[in-house]
Amino acid sequence: MSTVTVQPTGITPADVLAVARGDARVVLAPAAVDAMAASRRIVDGIEAAGRPVYGVSTGFGALANTFVAPQRRAELQHALIRSHAAGIGAPMPREVVRAMMLLRVRSLALGRSGVRPLVAQALVDLLNADVTPWVPEHGSLGASGDLAPLAHCALVLLGEGWVLGPAGERVDAADALRPAGLAPIALAAKEGLALINGTDGMLGMLLLAIADARHLFAMADVTAALAIEAMLGSERPFLPELHAIRPHPGQAASAANIHLLLQDSRVMDSHRDDLAHAVQDAYSMRCAPQVAGAARDTLDFVATVADRELVSVVDNPVVLPDGRVESTGNFHGAPLGFAADYLAIAAAEVGAIAERRVDRLLDVTRNRDLPAFLSPDAGVNSGLMIAQYTAAGIVAENRRLAAPASVDSLPTSGMQEDHVSMGWAGAKKLRTVLDNLTSLLAVELLAAVRGLQLRAPLEPSPAGRAALDALGAAAGEPGPDVFLAPVLAAARSVLAGPDLRAAIEREVGPLR
């Protein structure tokens, strides 16, 4: 098991993935402990001086002008966590919650939140003991950060609330802490607010989505190339000199991948000089790099936004090294909400153009001499007809999900929080779009494999052979109809995993 050390300078996207998906152990660097202790001394000094400071000696939100007596300030922090743990709905996936918790540790470790080191250590202990809070899917508006989801995490530190059981069931936090050797903590002034004021939930989901999108956009080039090969398409539109004259980097990378994947193919050799086949292909074939490449460039922008957020202080108020405690709006999730919406649009279009290639592969009038619906005995058998229905339905859902969440602000907290980002919703639906994209590309993979099988005895490209090897056992040979859902599930597993890409790269070299 690897170890992620949280420094006062932050963490990396790879660190988040290691903890969220790889169960890496987390430790606080001594420098992070020192940074938190220094900021806590400033908060203690404010308390001793009796100065009114938001979140330290006042209420929250619309109650910001309500002074809280010193003897009630710890009670205030506990009440804040309980009242804000107001989510509802199904639990968020374990990987999302673990990412969110690590990112909150990261935020506290920057030394601008005024919390004692033991608060961050308590979150670290939950991660290392594999105690995952039950965080309902609904509750965050992405302004003042992800208040409700983070409050559900913080509540577990108090020995209250719920955690995810071994089978995903809901377990009382107190019953989970004891076997893990953990004890509840008590919060001091400012600490409850510091535990919940941040963009950690939406950032965690965005970082997970970025990793998934990088894999899927590369695999979209693979499935496009296989489909083009099966349809006797031309490789000429993917020549590098044609993309050098429109210098979008993502487009050039995607075109280079497709061109590489189409080499050393007897299927391609069979029609390379046949004008009836190779004059000009349909947009869904010829323009694959323009769409997938634009998605790659969108992903690069989104990754830049996420990298900036990883080194940002998003708490409120923040404790500055010179002793000032200032209110900010840095917790507002607009940068992440916009990014999530943008990437959802791009991913939806990568899936939409893949479905168009599937439809073309199945249509006897357009698939260049393949049988209808890729069935050798169409009529009695329906082949992949309904697989394309499934893909079309998913494309329609992705179009609905691509509508931006970030333009849909609803005011809250007595009009104090009168514009919200909806970044949590944007990131959550982005993950659904990417999950749907996995299914769409799996349908294209299966259709392309079936098409290449039907081109026998012509030998496919090395990429085609790798796909046939990876999916052949589940897909079988072209013939009578079979129960198709397990075959699609197998295609999805192959598409989502790393092995097919690795097998292809062993044959043709690294993909971009």
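**Exercise 1. State what share of the chain is buried, and describe its overall make-up.**

Solution. The model is a predicted one. Step one: the chain has 512 residues, and 55% of them count as buried. Step two: its secondary structure comes to 21 helices and 8 strands. Step three: taken along the principal axes, the C-alpha atoms fill a box of roughly 85 × 50 × 40 Å. Step four: take the contacts between residues at least 6 apart in sequence; 80% of these join residues at least 24 apart.

**Exercise 2. Describe how helix α4 and helix α6 cross, and list the residues that make the contact.**

Solution. Two packed helices are described by the angle between their axes and the distance between the axes. Step one: α4 covers residues 94–109 and α6 covers residues 147–157. Step two: their axes come within 11 Å and cross at roughly 85°. Step three: angles of 65 to 115 degrees count as roughly perpendicular, so α4 is roughly perpendicular to α6. Step four: α4 contributes V97, M100, M101 and R104 to the contact, while α6 contributes P149, L150 and C153. Step five: sorted by class, the contact has 6 nonpolar residues, no polar ones and 1 charged.

**Exercise 3. Characterise the second largest cavity by volume, lining and residue class.**

Solution. Rolling a probe the size of a water molecule over the atoms shows where empty space is left. Step one: the structure holds 2 cavities of 30 Å³ or more. Step two: the second largest cavity has about 40 Å³ of space. Step three: its lining consists of A220, D221, A224, A288, A292, V350, I353 and R357. Step four: at least two lining residues come from each of α9 (200–230), α15 (288–310) and α16 (334–362). Step five: by class the lining has 6 nonpolar residues, no polar ones and 2 charged.

**Exercise 4. For the peptide bonds N316 to P317 and A456 to P457, give the geometry and the location of each proline.**

Solution. Most residues other than glycine have a negative phi, and most peptide bonds are trans. Step one: the bond from N316 to P317 is cis, with omega near -10°. P317 sits in the loop between α15 and β7 (318–319). Step two: the bond from A456 to P457 is also cis, with omega near 15°. P457 sits in the loop between α18 (423–454) and α19 (462–475).

**Exercise 5. Find the sign of phi for K190 and M422, then decide whether each residue is buried or exposed.**

Solution. Step one: K190 is not a glycine, yet its phi is positive, about 80°. K190 lies in the loop between α7 (173–177) and α8 (191–196). Step two: buried means under 20% relative accessible area; K190 is at 0% relative accessibility and therefore counts as buried. Step three: M422, a residue other than glycine, has a positive phi near 55°. M422 belongs to the loop between α17 (385–401) and α18. Step four: the relative accessibility of M422 is 13%, so M422 counts as buried.

**Exercise 6. Place S382 in the chain, and relate its sequence separation from D481 to their separation in space.**

Solution. Step one: S382 is found in the loop between α16 and α17. Step two: with a relative accessible area of 29%, S382 is partly exposed. Step three: S382 and D481 are 99 residues apart in sequence, but 6.9 Å apart in space, C-alpha to C-alpha. Step four: leaving aside residues up to four places away in sequence, S382 touches F373 and D481.

How values were computed: Residues numbered from 1 in each chain as written. Predicted model: local features only at pLDDT ≥ 70, side-chain atom pairs only at ≥ 80, totals over all residues. Heavy atoms only, no water. Axes fitted to C-alpha atoms, helices over the stretch in contact; angles between N-to-C directions. Helix = DSSP H or I, 4+ residues; strand = E, 2+ residues; numbered from the N terminus. Parallel < 35°, antiparallel > 145°, perpendicular 65-115°, else oblique. Contact = heavy atoms within 4.5 Å. Nonpolar A, V, L, I, M, F, W, Y, C, P; charged D, E, K, R; others polar. 1 Å grid on protein atoms, 1.4 Å probe; cavity = no way out; pocket = protein on both sides within 12 Å on 5 of 7 lines; lining within 4 Å. Points joined across faces, edges and corners; volume = space filled by probe spheres on them. Buried < 20%, exposed > 50% of the residue type's maximum accessible area, 1.4 Å probe, protein only.
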